[in-house]
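Here are a few exercises to work through with the viewer open. Try each one yourself before reading the solution.

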Amino acid sequence: MRNFDLAPLYRATVGFDQIADLLDRVMASDMSQPSYPPYNIEKTDDDAYRISIAVAGFSADDLTVEVKDGALVVSARKSEDDESERTYLHRGIATRAFERRFQLADHVRVTGASHADGMLHVDLVREVPEALKPRRIAIASADAAREQDVIDAEKVN
């Protein structure tokens with residue numbers, strides 16, 4: 001496991017402690033994260049993403065998709081009723097309970113989820129608010145600024 005010293009980051013920046021905390025969480029959970037179930041993360045557009053999780057053996061009722069504390073949490077629990085009625089000679093399809101967490105960036109929201117052909121697809125989109133988008137500021141000439149000052153002064157009097 002790699003160790004990163006984030007002390008220089010803390011000394012030279014203000015307000016970036018969330019990034020450092022995120023790096024710490026990712027590095028800590030990377031080793032402990034189970035590989036079941038397998039998943040893909042794909043970029044479907046400039047600001048759109050899709051997480052696809054292989055959930056063979058689970059119905060849509062067995063799956064839960066939630067967003068809480070800035071993370072997407074996908075979990076599954078197979079109901080006990082289905083398993084008690086069956087006798088398996090070989091059981092190769094894992095239907096054990098799981099929980100997968102995906103940390104979401106700012107302004108990323110879940111737009112929908114679908115379950116088809118043993119795959120759970122969760123669609124996400126990044127929506128940057130208008131206040132954070134770049135905007136062009138008009139530059140007034142010196143004459144226009146003087147005229148505006150005269151108009152403002154007349155309003156006061």
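**Exercise 1.** Work out which residues the ring pairs link into a cluster.

*Solution.* Ring pairs join Y36, F58 and F98 into a cluster. Before the details, a note on ground rules: this is a predicted model, where local features need pLDDT of at least 70, side-chain atom pairs count only at pLDDT 80 or more, and totals for chains, interfaces and linings use all residues. Residues are numbered from 1 along each chain as its sequence is written, and side-chain values use heavy atoms, with hydrogens and water left out.

Step 1: get the rule straight. Rings of Phe, Tyr and Trp (its six-membered ring) pair if their centres lie within 6.5 Å; planes under 30 degrees apart count as stacked, over 60 as edge-to-face and the rest as tilted. The count by this rule comes to three aromatic pairs.

Step 2: take Y36 with F98. Their centres are 5.9 Å apart with 90° between the planes, an edge-to-face pair. Y36 sits in the loop between α2 (17-32) and β1, F98 in strand β5, so this pair ties together parts 62 residues apart in sequence. (Helices are DSSP runs of H or I, at least four residues, and strands are runs of E, at least two, numbered from the N terminus.)

Step 3: check burial, meaning under 20% relative accessible area (exposed is over 50%, partly exposed in between; 1.4 Å probe, protein chains only). Y36 counts as buried because its relative accessibility is 16%, and F98 does too, at 7%.

Step 4: add F58. The ring centres of F58 and F98 are 5.7 Å apart and the planes meet at 80°, so this pair is edge-to-face. F58 belongs to the loop between β2 and β3 (63-68), so its pair with F98 in β5 ties together parts 40 residues apart in sequence.

**Exercise 2.** Find which charged end sits over the ring of Y36.

*Solution.* Look for NZ of Lys or CZ of Arg within 6 Å of the ring centre and within 35 degrees of the ring normal. The hit is R96, whose charged end is 3.9 Å from the centre of the Y36 ring.

**Exercise 3.** Sort the side chains along strand β5 (residues 98-103) by face.

*Solution.* First, walk along the strand: the side chains alternate. F98, R100 and F102 point to one face and are buried, while E99, R101 and Q103 point to the other and are not. Next, find the neighbour: strand β4 (residues 71-76) pairs with β5 in the antiparallel sense over six bridges, where pairing takes at least two DSSP bridges. Finally, one bridge to click on: S75 has E99 in β5 as its partner.
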